[in-house]
Amino acid sequence: MINLPPGVPLARPSLGSSGQTGTWRVLRPVIHYNKCTKCRLCFFYCVENTIDLELNMFPKIDYQYCKGCGVCAQVCPTAAIEMMREVK
Ligand code: SF4
Ligand code: SF4
C-alpha cells in the first residue's frame, strides 16, 4: 500500500459512513495481473477509493468496500479487470 502525500483530495472509505459497501456487490472486479500495465487509472477512478497500490505498484482491491460498480473495468485500457458474478 502506498501513502499519498498530504493534500491529495481523495477520500478514504471508512466504517460507519456508508457501511461496508462490499455487501452491495453483485459483480466482482477481478484483476488479471498479466494484462496490467500499472497505469493506475483504476486507482484514480474508483468511486469508492477501494483500490490501493501495492509497493510493486500493482493495484489491489479492498473487497470490503468495493460495491461492484464496474467503473474500474470500464477505464482500464488493457481490459485487465473482469467483472465476474459474485458468489456469496
Ligand atoms: S467496481 Fe471498481 S470502481 Fe467500483 S467500487 Fe469496486 S473497485 Fe471501485
Ligand atoms: S487500469 Fe488496468 S492496466 Fe491500469 S493499473 Fe488498473 S488494472 Fe492495471
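This report describes the nonpolar core, a surface patch and several loop residues of one predicted model.

**Core**

The largest nonpolar core of the model contains 14 residues. Within this core, the residues with the most contacts are Cys42, Ile51, Ile61, Cys72 and Ile81. Helix H1, strand S2 (51-53) and helix H2 (71-75) are the elements that each give two or more residues to the core. For Ile81, the contacts beyond four places in sequence are Pro29, Val30, Ile31, Cys42, Cys72, Ala73 and Cys76. Two of these partners, Cys42 and Cys72, are also listed with the most contacts inside the core.

**Surface patch**

Leu41, Phe44 and Tyr45 make a nonpolar patch of about 300 Å² on the surface. Phe44 belongs to helix H1, which covers residues 41-45. Its relative accessible area is 47% and therefore falls in the partly exposed class. A patch residue must have over 30% relative accessible area, and Phe44, at 47%, meets that cut-off. Helix H1 thus appears in two settings: it gives two or more residues to the core, and Phe44 of H1 takes part in the surface patch.

**Loop residues**

Lys38 sits in the loop that runs between strand S1 (27-31) and H1. Beyond four places in sequence, Lys38 touches Asn56, Met57 and Phe58. A polar atom of the Lys38 side chain lies 2.9 Å from the backbone oxygen of Asn56. The C-alpha atom of Lys38 is 9.0 Å from that of Leu53, although the two residues are 15 apart along the chain.

Arg40 is found in the loop between S1 and H1. Met57, one of the residues touched by Lys38, lies in the loop between S2 and strand S3 (59-61). Most residues other than glycine have a negative phi. Arg40 has a positive phi, near 75°, and Met57 has a positive phi of about 75°.

The table gives the accessibility of the three loop residues discussed here.

| Residue | Relative accessible area | Class |
|---|---|---|
| Lys38 | 35% | partly exposed |
| Arg40 | 35% | partly exposed |
| Met57 | 29% | partly exposed |

Met57 counts as partly exposed because its relative accessible area is 29%, and the buried class is reserved for values under 20%. Lys38, with a relative accessible area of 35%, is likewise partly exposed.

Terms used. Residues numbered from 1 in each chain as written. Chains lettered and ligands numbered in written order. Predicted model: local features only at pLDDT ≥ 70, side-chain atom pairs only at ≥ 80, totals over all residues. Heavy atoms only, no water. Patch = residues over 30% accessible without salt bridge, like charges linked within 9 Å, V, L, I, M, F, W, Y side chains within 5 Å. Areas by Shrake-Rupley, 256 points an atom, 1.4 Å probe, with all protein chains shown as cover. Salt bridge = Lys/Arg side-chain N within 4 Å of Asp/Glu carboxyl O. Helix = DSSP H or I, 4+ residues; strand = E, 2+ residues; numbered from the N terminus. Buried < 20%, exposed > 50% of the residue type's maximum accessible area, 1.4 Å probe, protein only. Contact = heavy atoms within 4.5 Å. Polar contact = N/O pair within 3.5 Å; in protein donor to acceptor, adjacent residues only side chain to side chain. Core = buried A, V, L, I, M, F, W, Y, C linked by side-chain atoms within 4.5 Å.
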